[in-house]
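Thanks for asking me to look this one over. Here are my notes, as numbered points you can check against the coordinates.

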Amino acid sequence: MKKIILCLFSLLLLVPFAALASRLTDLNTVDNAMYVYEDFASSNNNFGVKAKICSEGGANLVSNLEEDDTANRYQGNSCLRAEIDFVGESWGGWLFTTGYLPEGAQEPVLNFGEHPDSGLDLRKAEKLTFMAKGAKGGEKVECFMGGLGWSSETGKATAPYPDSTQKISLGVITLTDRYTAYTLDLKDRDLSYLSCGFGFVASGRYNTEKITFYLDDIQYVFPEEKAPAREFPWAIVVPIAVALIGAAATITVALIKKKQG
């Protein structure tokens, strides 16, 4: 009789615990996409530390990146607006990076591979997709990911903690005045450590005048069956279960003794 009472009481205590465990796994479920840019100030954005890149003396030719353009968005609330001018074959653009958070700092700073533990592990990603259009059409831009801490000229690492892959690019693309979907195939690439999630650059070699263009919905796409998810929290579950069963046994024995007394 004591064993029956003990088992029943233990099961009653574990019912809410099982519900809690179920909620823990639900909370850890993620979608099959990870955004670099969804909307301005979206909590879903990643690689939020922006770095302006340019040829020598060309910083003033690359306008500040407008991240909340609402008039030219593809969908959602906003899009990115980029404007780049040229002198001769000058070039410029922007990188979207993870940055580095120094000890005691409140906000991350630029990191070009000098600091460890700053990259993201995106090994399960199959592709990077984004929407892009030009203000007039005919703008020529290169969009890419990875390559932080690598030399495009020598193909060798230039920093102690570079991205796990060199730059993966579509090459120079010619934009139209309507949004077009673009895809970077990432299958069989080493995406284990990425500090540069996205980037773009334009050059006077391909453009004869200042260009303006727009980007939206920049995202890494994972197959649904391989979408990154945290493992079931056994380290939390097992100790709680043991504690509840022990409590059930103690209370049950006390009740039986009281009844017998």
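Two residues are in contact here when they have heavy atoms within 4.5 Å of each other. One thing to keep in mind throughout: this is a predicted model.

1. **Overall make-up.** The chain holds 2 helices and 11 strands. Read from the N terminus, the order is α-β-β-β-β-β-β-β-β-β-β-β-α, with a helix at the start and another at the end. Of the 261 residues, 40% are buried. The accessible surface comes to about 15,200 Å², and carbon and sulfur atoms account for 53% of that.

2. **Contacts across the sequence.** Take the contacts between residues at least 6 apart in sequence: 78% of them join residues at least 24 apart. Several of the points below give examples of residues meeting across the chain.

3. **Strand 2.** A general pattern is worth recalling: in a regular strand, side chains alternate between the two faces of the sheet. Strand 2, residues 49–54, shows such an alternation. Val49, Ala51 and Ile53 point to one face and are buried, whereas Lys50, Lys52 and Cys54 point to the other face and are not buried. Strand 2 pairs with strand 5 (residues 91–97) in the antiparallel sense, over 6 bridges. Within strand 5, Leu95 is the residue opposite Ala51.

4. **The cores.** Nonpolar side chains in soluble globular proteins tend to be buried together. In this model the largest nonpolar core has 37 residues, and Phe198, Phe200 and Tyr220 have the most contacts inside it. Strand 11 (residues 211–221) gives this core its largest share, 5 residues. A second core, separate from that one, has 7 residues, including Ala51, Ile53, Leu148 and Cys196. Beyond residues up to four places away in sequence, Phe198 touches a long list of partners, among them Val36, Trp94, Phe130, Met145 and Ile218.

5. **Ser195, buried or exposed?** Its position is in the loop between strand 9 (180–185) and strand 10 (196–203). Ser195 has 2% relative accessibility, and since the cut-off for buried is under 20%, it counts as buried. Apart from neighbours within four places in sequence, Ser195 is in contact with Phe47, Phe96, Thr97, Thr98, Ser118, Gly119, Leu148 and Asp163. Leu148 in that list also belongs to the second core.

6. **The largest pocket.** If you plan to inspect it, the largest pocket contains about 820 Å³ of space. Its lining consists of 27 residues, and those nearest the centre are Ile53, Trp91, Ser152, Lys167 and Val201. Strand 2, strand 5, strand 7 (140–145) and strand 10 each give two or more residues to the lining.

7. **Two exposed loop residues.** Asn77 sits in the loop between strand 3 (66–69) and strand 4 (79–84). Its relative accessible area is 56%, so Asn77 is exposed. Leaving out residues up to four places away, Asn77 touches Asp39 and Thr70. Its C-alpha is 7.5 Å from that of Phe40, although 37 residues separate the two in sequence. Pro160, in the loop between strand 7 and strand 8 (168–174), is exposed as well, with a relative accessible area of 58%. Gly113 and Glu114 are its contacts beyond four places in sequence. The C-alpha atoms of Pro160 and Pro116 are 8.1 Å apart, with a sequence separation of 44 residues.

How values were computed: Residues numbered from 1 in each chain as written. Predicted model: local features only at pLDDT ≥ 70, side-chain atom pairs only at ≥ 80, totals over all residues. Heavy atoms only, no water. Helix = DSSP H or I, 4+ residues; strand = E, 2+ residues; numbered from the N terminus. Buried < 20%, exposed > 50% of the residue type's maximum accessible area, 1.4 Å probe, protein only. Areas by Shrake-Rupley, 256 points an atom, 1.4 Å probe, with all protein chains shown as cover. Pairing = 2+ DSSP bridges. Core = buried A, V, L, I, M, F, W, Y, C linked by side-chain atoms within 4.5 Å. 1 Å grid on protein atoms, 1.4 Å probe; cavity = no way out; pocket = protein on both sides within 12 Å on 5 of 7 lines; lining within 4 Å. Points joined across faces, edges and corners; volume = space filled by probe spheres on them.
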